[in-house]
Amino acid sequence: MNFLHFARRSALFGLLLGLWQTVPAYSQARSYTTITAINVNSLSNGVQISVRADGILQYTDADSNGRTMSVSFPDARNGTGKNFINLNRYPVSHLQLSTPQGARNGIGLRLVINNFSQTNGTFVKTPDGQGVLITIQSDRTLPTVRGAGGAPSQAGAQAGAPAKAEEDGAMVEFAGGKLSLRAVKADIHELMATIARKSGLSIAVDDAVSRRVSLNLQDVDAESAVRTIGAAYGLALSPINGILMLSEGETSDLATYRSSQTQSFRMQNTQASTASGLLPNFLSSYVKVNAEQNAVVVTAPSQMLAKIGADLRKVDVPSPQILIEAIAVELSDTSDLDVGLRLGNPNAGQFASLDSGAGAITYNTVGTLPRNFEASLRALELKGKARVRARPQMVVVNGEDANLFIGSQRFILTQTNQSGQTQNRIQPVDVGVKLFIKPLTGGNGEITTRIAPEVSNITELDLGTGLPVLSTRRSDTTVRVKDGETIAIGGLTLDQEQTRRGKIPFFGDIPGIGPLFRSRKKTTVRTELVVFVTPRILTAESSNFVNNSGNGLAPKPSR
(Lines give C-alpha, C1' and ligand atoms only; values in the text may rest on other atoms or scores of the structure.)
Protein backbone atom coordinates (compact mmCIF):
# COMPACT_ATOMS: atom_id res chain seq x y z
CA MET A 1 0.00 0.00 0.00
CA ASN A 2 2.86 2.38 0.79
CA PHE A 3 4.36 1.83 -2.64
CA LEU A 4 1.03 2.49 -4.42
CA HIS A 5 0.52 5.66 -2.41
CA PHE A 6 4.01 6.87 -3.31
CA ALA A 7 3.39 6.20 -7.04
CA ARG A 8 0.15 8.20 -7.03
CA ARG A 9 1.82 11.15 -5.32
CA SER A 10 4.70 11.07 -7.83
CA ALA A 11 2.34 11.06 -10.82
CA LEU A 12 0.34 13.98 -9.40
CA PHE A 13 3.56 15.93 -8.76
CA GLY A 14 4.76 15.31 -12.34
CA LEU A 15 1.43 16.51 -13.81
CA LEU A 16 1.52 19.73 -11.76
CA LEU A 17 5.13 20.33 -12.75
CA GLY A 18 4.28 19.93 -16.45
CA LEU A 19 1.37 22.36 -16.20
CA TRP A 20 3.56 24.89 -14.39
CA GLN A 21 6.17 24.70 -17.17
CA THR A 22 3.60 25.24 -19.93
CA VAL A 23 1.84 28.22 -18.38
CA PRO A 24 4.54 30.81 -19.30
CA ALA A 25 4.44 29.78 -22.97
CA TYR A 26 0.80 30.80 -23.24
CA SER A 27 0.54 33.55 -20.69
CA GLN A 28 3.69 35.46 -21.56
CA ALA A 29 2.81 38.34 -23.89
CA ARG A 30 4.82 38.46 -27.10
CA SER A 31 6.35 41.83 -27.96
CA TYR A 32 5.58 43.33 -31.35
CA THR A 33 5.73 46.53 -33.34
CA THR A 34 3.07 48.07 -35.56
CA ILE A 35 3.62 49.11 -39.16
CA THR A 36 2.07 52.58 -39.30
CA ALA A 37 2.68 53.70 -42.90
CA ILE A 38 3.80 52.55 -46.33
CA ASN A 39 4.94 55.47 -48.49
CA VAL A 40 5.89 55.35 -52.16
CA ASN A 41 8.21 57.71 -54.03
CA SER A 42 8.71 57.55 -57.79
CA LEU A 43 12.31 57.76 -59.01
CA SER A 44 13.62 58.41 -62.50
CA ASN A 45 14.92 54.84 -62.63
CA GLY A 46 12.48 53.00 -60.39
CA VAL A 47 10.23 53.16 -57.35
CA GLN A 48 11.18 53.48 -53.66
CA ILE A 49 8.85 51.99 -51.03
CA SER A 50 9.29 53.08 -47.39
CA VAL A 51 7.83 50.85 -44.65
CA ARG A 52 7.62 52.66 -41.27
CA ALA A 53 6.80 51.28 -37.80
CA ASP A 54 6.34 52.64 -34.28
CA GLY A 55 9.27 50.59 -32.97
CA ILE A 56 12.26 48.58 -34.07
CA LEU A 57 11.23 46.79 -37.27
CA GLN A 58 12.84 43.42 -37.93
CA TYR A 59 12.70 41.77 -41.36
CA THR A 60 14.00 38.61 -42.95
CA ASP A 61 15.82 38.22 -46.24
CA ALA A 62 13.58 38.88 -49.19
CA ASP A 63 12.57 36.32 -51.81
CA SER A 64 12.40 37.37 -55.45
CA ASN A 65 11.74 35.84 -58.86
CA GLY A 66 11.76 39.18 -60.69
CA ARG A 67 7.98 39.52 -61.14
CA THR A 68 7.16 39.20 -57.44
CA MET A 69 9.26 40.16 -54.40
CA SER A 70 8.41 39.38 -50.79
CA VAL A 71 9.79 40.36 -47.39
CA SER A 72 8.64 39.09 -43.96
CA PHE A 73 8.26 41.09 -40.74
CA PRO A 74 8.08 38.36 -38.05
CA ASP A 75 7.40 40.73 -35.10
CA ALA A 76 5.02 43.23 -36.71
CA ARG A 77 1.30 43.86 -37.01
CA ASN A 78 -0.53 45.80 -39.71
CA GLY A 79 -1.61 49.22 -38.51
CA THR A 80 -2.15 50.83 -41.92
CA GLY A 81 -5.71 49.57 -42.29
CA LYS A 82 -4.92 48.32 -45.80
CA ASN A 83 -4.16 44.86 -47.15
CA PHE A 84 -3.99 45.86 -50.85
CA ILE A 85 -2.25 48.96 -52.20
CA ASN A 86 -2.61 49.69 -55.92
CA LEU A 87 0.48 51.66 -57.03
CA ASN A 88 0.47 51.53 -60.85
CA ARG A 89 3.91 53.13 -60.91
CA TYR A 90 6.20 51.36 -63.31
CA PRO A 91 7.70 48.86 -62.67
CA VAL A 92 5.52 48.19 -59.57
CA SER A 93 1.91 47.12 -60.04
CA HIS A 94 0.56 46.67 -56.48
CA LEU A 95 1.43 45.65 -52.92
CA GLN A 96 -0.19 42.99 -50.73
CA LEU A 97 0.03 42.73 -46.92
CA SER A 98 -1.00 39.46 -45.27
CA THR A 99 -0.58 37.52 -42.04
CA PRO A 100 1.04 34.12 -42.69
CA GLN A 101 -0.76 30.98 -41.60
CA GLY A 102 0.32 29.79 -38.18
CA ALA A 103 1.20 33.29 -36.92
CA ARG A 104 0.80 33.36 -33.12
CA ASN A 105 -1.49 36.04 -31.72
CA GLY A 106 -1.71 37.55 -35.21
CA ILE A 107 1.88 38.74 -35.02
CA GLY A 108 3.83 38.49 -38.26
CA LEU A 109 3.40 40.14 -41.66
CA ARG A 110 4.39 39.34 -45.21
CA LEU A 111 4.68 42.08 -47.84
CA VAL A 112 4.47 40.93 -51.47
CA ILE A 113 5.48 43.37 -54.24
CA ASN A 114 4.01 42.57 -57.66
CA ASN A 115 5.80 44.05 -60.67
CA PHE A 116 4.86 44.61 -64.28
CA SER A 117 8.06 42.98 -65.57
CA GLN A 118 11.20 41.14 -64.46
CA THR A 119 13.30 43.47 -62.33
CA ASN A 120 15.61 43.68 -59.31
CA GLY A 121 15.20 45.22 -55.87
CA THR A 122 17.26 46.13 -52.80
CA PHE A 123 16.17 46.11 -49.15
CA VAL A 124 17.92 48.44 -46.65
CA LYS A 125 17.10 49.14 -43.01
CA THR A 126 16.76 52.81 -42.02
CA PRO A 127 19.38 54.26 -39.60
CA ASP A 128 16.84 54.56 -36.74
CA GLY A 129 15.86 50.90 -37.15
CA GLN A 130 12.16 51.75 -37.41
CA GLY A 131 11.79 51.31 -41.15
CA VAL A 132 12.86 49.49 -44.30
CA LEU A 133 13.60 51.13 -47.65
CA ILE A 134 12.80 48.98 -50.69
CA THR A 135 14.11 50.21 -54.05
CA ILE A 136 12.70 48.54 -57.16
CA GLN A 137 14.84 49.14 -60.23
CA SER A 138 13.28 49.97 -63.59
CA ASP A 139 14.47 49.16 -67.10
CA ARG A 140 13.14 52.54 -68.25
CA THR A 141 14.18 56.06 -67.31
CA LEU A 142 11.10 58.18 -66.56
CA PRO A 143 11.53 61.95 -66.56
CA THR A 144 10.05 63.89 -63.66
CA VAL A 145 7.75 66.19 -65.57
CA ARG A 146 4.16 67.28 -65.32
CA GLY A 147 1.63 65.80 -67.66
CA ALA A 148 -0.88 67.41 -69.96
CA GLY A 149 -2.80 70.24 -68.38
CA GLY A 150 -0.36 70.50 -65.50
CA ALA A 151 -1.20 67.12 -63.99
CA PRO A 152 1.81 65.28 -62.62
CA SER A 153 3.15 62.40 -64.64
CA GLN A 154 3.91 58.89 -63.39
CA ALA A 155 7.36 60.01 -62.28
CA GLY A 156 5.92 62.83 -60.21
CA ALA A 157 6.27 62.99 -56.46
CA GLN A 158 2.61 62.31 -55.59
CA ALA A 159 -0.04 60.84 -57.85
CA GLY A 160 -3.14 62.98 -58.01
CA ALA A 161 -1.48 66.10 -56.56
CA PRO A 162 -3.33 69.25 -57.58
CA ALA A 163 -1.82 71.22 -60.41
CA LYS A 164 -0.56 74.69 -59.71
CA ALA A 165 -3.13 77.21 -60.81
CA GLU A 166 -1.81 79.63 -63.35
CA GLU A 167 -3.51 82.28 -65.41
CA ASP A 168 -6.85 80.86 -66.51
CA GLY A 169 -9.97 81.91 -68.31
CA ALA A 170 -12.70 80.59 -70.61
CA MET A 171 -15.26 82.12 -72.94
CA VAL A 172 -18.20 79.91 -73.90
CA GLU A 173 -20.96 80.79 -76.38
CA PHE A 174 -23.93 78.62 -77.40
CA ALA A 175 -26.14 79.66 -80.30
CA GLY A 176 -28.19 77.75 -82.87
CA GLY A 177 -27.32 74.42 -81.26
CA LYS A 178 -23.61 75.01 -81.79
CA LEU A 179 -20.93 75.64 -79.23
CA SER A 180 -17.95 78.00 -79.52
CA LEU A 181 -15.38 78.25 -76.77
CA ARG A 182 -11.92 79.59 -76.11
CA ALA A 183 -10.09 78.44 -73.00
CA VAL A 184 -6.62 79.23 -71.69
CA LYS A 185 -5.56 77.04 -68.75
CA ALA A 186 -9.12 76.92 -67.52
CA ASP A 187 -10.08 74.60 -64.67
CA ILE A 188 -11.91 71.66 -66.23
CA HIS A 189 -14.60 71.57 -63.51
CA GLU A 190 -15.54 75.20 -64.07
CA LEU A 191 -15.35 74.80 -67.86
CA MET A 192 -17.67 71.76 -67.90
CA ALA A 193 -20.09 73.51 -65.55
CA THR A 194 -20.31 76.45 -67.97
CA ILE A 195 -20.79 74.15 -71.01
CA ALA A 196 -23.53 72.23 -69.17
CA ARG A 197 -25.32 75.40 -68.11
CA LYS A 198 -25.35 76.98 -71.59
CA SER A 199 -25.94 73.87 -73.72
CA GLY A 200 -28.26 71.94 -71.44
CA LEU A 201 -26.04 68.83 -71.42
CA SER A 202 -25.78 66.79 -68.22
CA ILE A 203 -22.06 66.52 -67.44
CA ALA A 204 -20.36 65.03 -64.38
CA VAL A 205 -16.63 65.31 -63.67
CA ASP A 206 -14.96 62.95 -61.19
CA ASP A 207 -13.33 64.71 -58.23
CA ALA A 208 -10.04 62.93 -59.01
CA VAL A 209 -9.77 64.78 -62.32
CA SER A 210 -7.36 67.71 -62.17
CA ARG A 211 -6.73 69.46 -65.48
CA ARG A 212 -6.05 72.89 -66.89
CA VAL A 213 -7.63 73.06 -70.34
CA SER A 214 -6.45 75.20 -73.27
CA LEU A 215 -8.24 74.92 -76.62
CA ASN A 216 -10.24 76.84 -79.22
CA LEU A 217 -13.40 75.38 -80.81
CA GLN A 218 -15.80 77.09 -83.21
CA ASP A 219 -19.39 76.05 -84.02
CA VAL A 220 -19.23 72.41 -82.92
CA ASP A 221 -21.79 70.13 -81.37
CA ALA A 222 -21.72 70.40 -77.57
CA GLU A 223 -21.37 66.66 -76.98
CA SER A 224 -18.58 66.49 -79.60
CA ALA A 225 -16.78 69.31 -77.76
CA VAL A 226 -16.91 67.35 -74.48
CA ARG A 227 -15.62 64.21 -76.23
CA THR A 228 -12.81 66.20 -77.84
CA ILE A 229 -11.71 67.60 -74.48
CA GLY A 230 -11.79 64.13 -72.93
CA ALA A 231 -9.72 62.59 -75.73
CA ALA A 232 -7.23 65.49 -75.82
CA TYR A 233 -6.49 65.24 -72.09
CA GLY A 234 -6.56 61.46 -71.70
CA LEU A 235 -9.86 61.29 -69.83
CA ALA A 236 -12.43 58.51 -69.95
CA LEU A 237 -15.86 59.56 -71.20
CA SER A 238 -18.85 57.28 -70.70
CA PRO A 239 -22.61 57.99 -70.86
CA ILE A 240 -24.37 56.80 -67.70
CA ASN A 241 -28.18 57.19 -67.63
CA GLY A 242 -28.03 60.15 -69.99
CA ILE A 243 -25.16 61.83 -68.13
CA LEU A 244 -21.72 62.30 -69.70
CA MET A 245 -19.23 61.13 -67.07
CA LEU A 246 -15.62 62.34 -67.28
CA SER A 247 -13.06 60.46 -65.18
CA GLU A 248 -9.36 59.69 -65.16
CA GLY A 249 -8.28 57.36 -67.94
CA GLU A 250 -6.10 55.36 -65.54
CA THR A 251 -8.16 52.78 -63.69
CA SER A 252 -7.56 53.37 -59.97
CA ASP A 253 -10.98 52.79 -58.37
CA LEU A 254 -14.45 51.43 -59.17
CA ALA A 255 -15.63 54.73 -60.63
CA THR A 256 -12.88 54.85 -63.24
CA TYR A 257 -13.03 51.08 -63.79
CA ARG A 258 -16.71 51.36 -64.74
CA SER A 259 -15.89 53.81 -67.50
CA SER A 260 -13.05 51.67 -68.87
CA GLN A 261 -12.92 48.54 -70.99
CA THR A 262 -10.52 45.61 -71.08
CA GLN A 263 -9.31 43.94 -74.25
CA SER A 264 -6.71 41.25 -74.91
CA PHE A 265 -4.45 41.64 -77.94
CA ARG A 266 -2.70 38.41 -78.89
CA MET A 267 0.71 38.82 -80.44
CA GLN A 268 1.36 36.65 -83.50
CA ASN A 269 5.01 37.39 -84.25
CA THR A 270 6.45 39.12 -81.17
CA GLN A 271 6.76 38.28 -77.49
CA ALA A 272 4.01 40.06 -75.54
CA SER A 273 6.54 41.42 -73.03
CA THR A 274 8.62 42.86 -75.88
CA ALA A 275 5.59 44.43 -77.59
CA SER A 276 4.34 46.07 -74.38
CA GLY A 277 7.82 47.49 -73.73
CA LEU A 278 7.79 49.21 -77.13
CA LEU A 279 4.76 51.31 -76.18
CA PRO A 280 5.26 54.76 -74.57
CA ASN A 281 6.22 54.70 -70.88
CA PHE A 282 3.09 56.45 -69.66
CA LEU A 283 0.96 53.54 -70.92
CA SER A 284 2.60 51.08 -68.50
CA SER A 285 -0.23 51.47 -65.98
CA TYR A 286 -2.81 50.51 -68.63
CA VAL A 287 -0.95 47.50 -69.99
CA LYS A 288 -0.46 44.02 -68.54
CA VAL A 289 1.18 40.95 -70.09
CA ASN A 290 -0.47 37.52 -70.25
CA ALA A 291 2.58 35.34 -70.87
CA GLU A 292 0.59 32.09 -71.10
CA GLN A 293 -1.42 33.40 -74.07
CA ASN A 294 1.35 35.68 -75.39
CA ALA A 295 -1.11 38.55 -75.18
CA VAL A 296 -1.06 42.19 -74.11
CA VAL A 297 -4.09 42.98 -71.92
CA VAL A 298 -5.16 46.63 -71.93
CA THR A 299 -7.61 48.25 -69.50
CA ALA A 300 -8.33 51.78 -70.66
CA PRO A 301 -11.11 54.06 -71.92
CA SER A 302 -12.76 52.77 -75.09
CA GLN A 303 -11.40 55.61 -77.22
CA MET A 304 -7.86 54.66 -76.17
CA LEU A 305 -8.25 50.92 -76.84
CA ALA A 306 -8.42 51.39 -80.61
CA LYS A 307 -5.26 53.54 -80.62
CA ILE A 308 -3.30 51.13 -78.39
CA GLY A 309 -4.48 48.15 -80.46
CA ALA A 310 -3.37 49.85 -83.69
CA ASP A 311 0.06 50.60 -82.21
CA LEU A 312 0.45 46.99 -81.06
CA ARG A 313 -0.34 45.74 -84.56
CA LYS A 314 2.36 48.03 -85.94
CA VAL A 315 5.04 46.49 -83.71
CA ASP A 316 3.74 42.92 -84.08
CA VAL A 317 5.26 42.32 -87.50
CA PRO A 318 6.89 39.05 -88.56
CA SER A 319 10.66 38.94 -88.38
CA PRO A 320 12.49 37.86 -91.56
CA GLN A 321 13.72 34.30 -91.69
CA ILE A 322 17.18 33.53 -92.98
CA LEU A 323 18.28 30.28 -94.56
CA ILE A 324 21.80 29.22 -93.58
CA GLU A 325 23.49 26.81 -95.97
CA ALA A 326 26.91 25.67 -94.83
CA ILE A 327 29.47 23.04 -95.66
CA ALA A 328 32.46 22.10 -93.50
CA VAL A 329 35.28 20.45 -95.47
CA GLU A 330 38.41 19.00 -93.89
CA LEU A 331 41.25 19.06 -96.40
CA SER A 332 44.33 16.88 -96.14
CA ASP A 333 47.26 17.30 -98.52
CA THR A 334 50.94 17.05 -97.62
CA SER A 335 52.16 18.54 -100.89
CA ASP A 336 49.91 21.30 -102.22
CA LEU A 337 47.11 22.41 -99.90
CA ASP A 338 46.36 25.47 -102.01
CA VAL A 339 45.04 23.25 -104.80
CA GLY A 340 42.31 21.99 -102.50
CA LEU A 341 41.47 25.45 -101.28
CA ARG A 342 40.69 26.67 -104.77
CA LEU A 343 38.10 23.91 -105.21
CA GLY A 344 37.81 24.55 -108.91
CA ASN A 345 37.04 28.24 -108.53
CA PRO A 346 37.86 30.01 -111.83
CA ASN A 347 39.02 33.13 -110.01
CA ALA A 348 41.96 31.83 -107.97
CA GLY A 349 42.56 35.26 -106.45
CA GLN A 350 39.37 34.98 -104.45
CA PHE A 351 40.85 32.10 -102.45
CA ALA A 352 44.42 33.35 -102.33
CA SER A 353 44.00 34.84 -98.84
CA LEU A 354 43.00 31.42 -97.50
CA ASP A 355 46.54 30.06 -97.85
CA SER A 356 47.30 28.86 -94.34
CA GLY A 357 51.05 28.81 -94.67
CA ALA A 358 51.35 31.60 -92.10
CA GLY A 359 49.01 29.76 -89.72
CA ALA A 360 46.49 32.63 -89.49
CA ILE A 361 42.70 32.28 -89.52
CA THR A 362 41.33 34.07 -92.59
CA TYR A 363 37.92 35.05 -93.92
CA ASN A 364 36.92 35.95 -97.42
CA THR A 365 33.74 36.73 -99.33
CA VAL A 366 33.79 34.69 -102.49
CA GLY A 367 30.53 35.80 -104.06
CA THR A 368 28.35 33.09 -105.57
CA LEU A 369 29.93 29.64 -105.54
CA PRO A 370 30.99 28.34 -108.98
CA ARG A 371 28.80 25.77 -110.69
CA ASN A 372 31.55 23.13 -110.64
CA PHE A 373 31.99 23.46 -106.86
CA GLU A 374 30.32 20.13 -106.08
CA ALA A 375 32.21 18.29 -108.83
CA SER A 376 35.57 19.63 -107.65
CA LEU A 377 34.78 18.74 -104.06
CA ARG A 378 33.78 15.20 -105.04
CA ALA A 379 37.03 14.78 -106.95
CA LEU A 380 39.04 15.79 -103.90
CA GLU A 381 37.11 13.28 -101.78
CA LEU A 382 37.90 10.47 -104.23
CA LYS A 383 41.59 11.36 -104.07
CA GLY A 384 41.52 11.25 -100.26
CA LYS A 385 42.41 14.93 -100.01
CA ALA A 386 39.07 16.09 -98.60
CA ARG A 387 36.47 14.93 -96.14
CA VAL A 388 33.06 16.58 -95.80
CA ARG A 389 32.46 16.86 -92.04
CA ALA A 390 28.99 18.48 -92.18
CA ARG A 391 26.39 19.82 -94.62
CA PRO A 392 23.89 21.65 -92.39
CA GLN A 393 20.93 23.58 -93.74
CA MET A 394 19.16 25.68 -91.11
CA VAL A 395 16.44 28.31 -91.04
CA VAL A 396 16.74 30.90 -88.26
CA VAL A 397 14.66 33.92 -87.28
CA ASN A 398 16.35 37.25 -87.88
CA GLY A 399 18.76 38.07 -85.05
CA GLU A 400 18.46 34.68 -83.32
CA ASP A 401 21.13 32.04 -82.74
CA ALA A 402 21.58 28.88 -84.80
CA ASN A 403 23.72 26.06 -83.43
CA LEU A 404 24.73 22.80 -85.05
CA PHE A 405 26.82 19.93 -83.72
CA ILE A 406 27.81 16.83 -85.64
CA GLY A 407 30.00 14.37 -83.79
CA SER A 408 30.04 12.29 -80.63
CA GLN A 409 30.63 12.64 -76.92
CA ARG A 410 33.91 11.45 -75.45
CA PHE A 411 35.48 11.66 -72.02
CA ILE A 412 38.70 13.35 -70.96
CA LEU A 413 40.63 13.53 -67.71
CA THR A 414 40.87 16.92 -66.01
CA GLN A 415 42.77 17.95 -62.90
CA THR A 416 41.66 20.43 -60.26
CA ASN A 417 43.55 21.79 -57.26
CA GLN A 418 41.53 22.11 -54.07
CA SER A 419 43.16 22.96 -50.74
CA GLY A 420 46.57 22.05 -52.13
CA GLN A 421 45.45 18.62 -53.28
CA THR A 422 45.24 17.59 -56.91
CA GLN A 423 42.02 15.80 -57.85
CA ASN A 424 41.33 14.01 -61.10
CA ARG A 425 37.91 14.15 -62.69
CA ILE A 426 36.55 12.60 -65.87
CA GLN A 427 34.17 14.85 -67.78
CA PRO A 428 32.37 14.52 -71.13
CA VAL A 429 33.32 16.67 -74.13
CA ASP A 430 31.91 17.02 -77.63
CA VAL A 431 34.17 15.79 -80.40
CA GLY A 432 33.25 16.84 -83.93
CA VAL A 433 32.11 19.97 -85.74
CA LYS A 434 30.25 22.82 -84.04
CA LEU A 435 28.88 25.77 -85.95
CA PHE A 436 27.38 28.86 -84.29
CA ILE A 437 25.74 31.40 -86.61
CA LYS A 438 23.78 34.55 -85.80
CA PRO A 439 22.48 36.43 -88.89
CA LEU A 440 20.88 39.87 -88.85
CA THR A 441 19.34 41.81 -91.74
CA GLY A 442 17.71 45.21 -91.92
CA GLY A 443 15.84 44.45 -95.13
CA ASN A 444 18.36 46.18 -97.40
CA GLY A 445 19.54 43.02 -99.15
CA GLU A 446 22.58 42.68 -96.88
CA ILE A 447 23.10 40.24 -94.01
CA THR A 448 25.44 40.81 -91.07
CA THR A 449 26.49 37.39 -89.82
CA ARG A 450 28.43 36.32 -86.77
CA ILE A 451 30.10 32.95 -87.40
CA ALA A 452 31.97 30.82 -84.86
CA PRO A 453 33.06 27.42 -86.25
CA GLU A 454 34.83 24.87 -84.07
CA VAL A 455 36.24 21.44 -84.87
CA SER A 456 37.78 19.03 -82.37
CA ASN A 457 39.74 15.84 -83.02
CA ILE A 458 41.24 13.06 -80.95
CA THR A 459 44.97 13.34 -81.55
CA GLU A 460 46.21 10.53 -79.33
CA LEU A 461 45.48 8.38 -76.31
CA ASP A 462 47.12 9.12 -72.99
CA LEU A 463 49.47 6.24 -72.17
CA GLY A 464 48.76 6.51 -68.44
CA THR A 465 44.98 6.79 -68.39
CA GLY A 466 43.98 5.50 -71.80
CA LEU A 467 41.72 8.56 -72.24
CA PRO A 468 41.70 10.60 -75.46
CA VAL A 469 43.67 13.81 -75.86
CA LEU A 470 41.71 16.43 -77.81
CA SER A 471 42.84 19.09 -80.27
CA THR A 472 40.38 21.94 -80.86
CA ARG A 473 40.33 24.54 -83.64
CA ARG A 474 37.94 27.46 -83.41
CA SER A 475 37.39 30.97 -84.72
CA ASP A 476 34.87 33.79 -84.29
CA THR A 477 34.10 36.65 -86.67
CA THR A 478 31.34 38.99 -87.82
CA VAL A 479 31.06 39.82 -91.52
CA ARG A 480 28.56 41.55 -93.79
CA VAL A 481 27.62 40.03 -97.15
CA LYS A 482 24.93 40.44 -99.74
CA ASP A 483 21.98 38.08 -99.87
CA GLY A 484 23.18 34.76 -101.33
CA GLU A 485 26.91 35.45 -101.15
CA THR A 486 29.24 32.87 -99.61
CA ILE A 487 31.71 33.37 -96.77
CA ALA A 488 34.81 31.15 -96.72
CA ILE A 489 36.66 30.56 -93.45
CA GLY A 490 40.10 28.96 -93.51
CA GLY A 491 43.25 28.67 -91.45
CA LEU A 492 41.85 26.16 -88.94
CA THR A 493 44.88 23.91 -89.38
CA LEU A 494 46.11 20.88 -87.48
CA ASP A 495 49.47 19.12 -87.89
CA GLN A 496 49.50 15.46 -86.86
CA GLU A 497 52.65 13.37 -86.64
CA GLN A 498 52.09 9.62 -86.99
CA THR A 499 54.65 6.89 -86.37
CA ARG A 500 54.03 3.35 -87.67
CA ARG A 501 56.14 0.45 -86.40
CA GLY A 502 56.39 -3.04 -87.92
CA LYS A 503 58.44 -6.20 -87.41
CA ILE A 504 58.86 -9.75 -88.67
CA PRO A 505 57.54 -12.14 -86.05
CA PHE A 506 60.18 -13.99 -84.00
CA PHE A 507 63.12 -12.49 -85.89
CA GLY A 508 62.26 -8.96 -84.76
CA ASP A 509 62.53 -10.08 -81.12
CA ILE A 510 66.00 -11.68 -81.35
CA PRO A 511 68.50 -9.68 -79.26
CA GLY A 512 71.25 -8.06 -81.20
CA ILE A 513 69.90 -8.68 -84.73
CA GLY A 514 66.23 -7.84 -83.97
CA PRO A 515 66.42 -4.21 -85.24
CA LEU A 516 67.33 -5.58 -88.68
CA PHE A 517 63.87 -7.15 -88.91
CA ARG A 518 61.91 -4.12 -87.55
CA SER A 519 60.74 -0.98 -89.40
CA ARG A 520 59.50 2.45 -88.38
CA LYS A 521 57.79 5.00 -90.65
CA LYS A 522 57.13 8.57 -89.53
CA THR A 523 54.69 10.76 -91.49
CA THR A 524 53.36 14.28 -90.92
CA VAL A 525 49.84 15.13 -92.10
CA ARG A 526 48.40 18.62 -92.17
CA THR A 527 44.62 19.02 -92.18
CA GLU A 528 42.64 22.21 -92.52
CA LEU A 529 38.97 22.82 -91.88
CA VAL A 530 37.40 25.17 -94.43
CA VAL A 531 33.83 26.33 -93.75
CA PHE A 532 31.65 27.82 -96.48
CA VAL A 533 28.57 29.70 -95.19
CA THR A 534 25.85 31.08 -97.46
CA PRO A 535 23.03 33.10 -95.80
CA ARG A 536 19.85 33.85 -97.79
CA ILE A 537 16.82 35.93 -96.87
CA LEU A 538 13.80 33.66 -97.17
CA THR A 539 10.73 34.54 -99.19
CA ALA A 540 7.65 32.40 -99.90
CA GLU A 541 9.20 31.27 -103.20
CA SER A 542 12.56 30.39 -101.68
CA SER A 543 10.87 28.56 -98.79
CA ASN A 544 9.25 26.16 -101.26
CA PHE A 545 12.60 25.76 -102.96
CA VAL A 546 14.27 24.78 -99.68
CA ASN A 547 11.57 22.22 -98.90
CA ASN A 548 11.99 20.57 -102.29
CA SER A 549 15.77 20.70 -102.54
CA GLY A 550 18.23 18.17 -101.20
CA ASN A 551 20.99 18.58 -98.68
CA GLY A 552 24.10 20.58 -99.30
CA LEU A 553 24.73 23.87 -100.98
CA ALA A 554 22.21 24.55 -103.72
CA PRO A 555 22.17 27.26 -106.37
CA LYS A 556 20.50 30.48 -105.38
CA PRO A 557 16.81 30.39 -106.37
CA SER A 558 15.68 32.93 -108.91
CA ARG A 559 13.80 35.89 -107.57
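R313 sits in helix α6, which covers residues 302–315. The structure here is a predicted model, so every value below is computed from it. How accessible is R313? Its relative accessibility is 57%, so R313 counts as exposed, given that the cut-off for exposed is over 50%. R313 also has a partner to look at in space: R266 is 47 residues away in sequence, yet the two C-alpha atoms are 9.6 Å apart.

Now turn to T119, which belongs to the loop between β8 (109–115) and β9 (121–125). Is T119 buried or exposed? With a relative accessible area of 12%, T119 is buried, because buried means under 20%. Setting aside neighbours within four places in sequence, T119 is in contact with G66, M69, I136, Q137 and S138.

Here are the two residues side by side:

| Residue | Where it lies | Relative accessible area | Class |
|---|---|---|---|
| R313 | helix α6 (302–315) | 57% | exposed |
| T119 | loop between β8 and β9 | 12% | buried |

Finally, look at a pair of helices. Two packed helices are described by the angle between their axes and the distance between the axes. For helix α2 (residues 188–199) and helix α3 (residues 222–232), the axes come within 11 Å and cross at roughly 170°. Angles over 145 degrees count as roughly antiparallel, and α2 and α3 are therefore roughly antiparallel to each other. Which residues meet in this pair? From α2 come I188, L191, M192, I195 and S199, and from α3 come A222, V226 and I229. By class, this contact has seven nonpolar residues, one polar residue and no charged residues.

Definitions and conventions
Residues are numbered from 1 along each chain as its sequence is written. This is a predicted model: local features need pLDDT of at least 70, side-chain atom pairs count only at pLDDT 80 or more; totals for chains, interfaces and linings use all residues. Side-chain values use heavy atoms; hydrogens and water are left out. Helices (H or I, at least four residues) and strands (E, at least two) are DSSP runs, numbered from the N terminus. Buried means under 20% relative accessible area, exposed over 50%, partly exposed in between (1.4 Å probe, protein chains only). Contact means heavy atoms within 4.5 Å. Axes are lines fitted to C-alpha atoms, for helices over the stretch in contact, and angles run from 0 to 180 degrees between N-to-C directions. Angles under 35 degrees count as roughly parallel, over 145 as roughly antiparallel, 65 to 115 as roughly perpendicular and the rest as oblique. Ala, Val, Leu, Ile, Met, Phe, Trp, Tyr, Cys and Pro count as nonpolar, Asp, Glu, Lys and Arg as charged, and the others, Gly among them, as polar.
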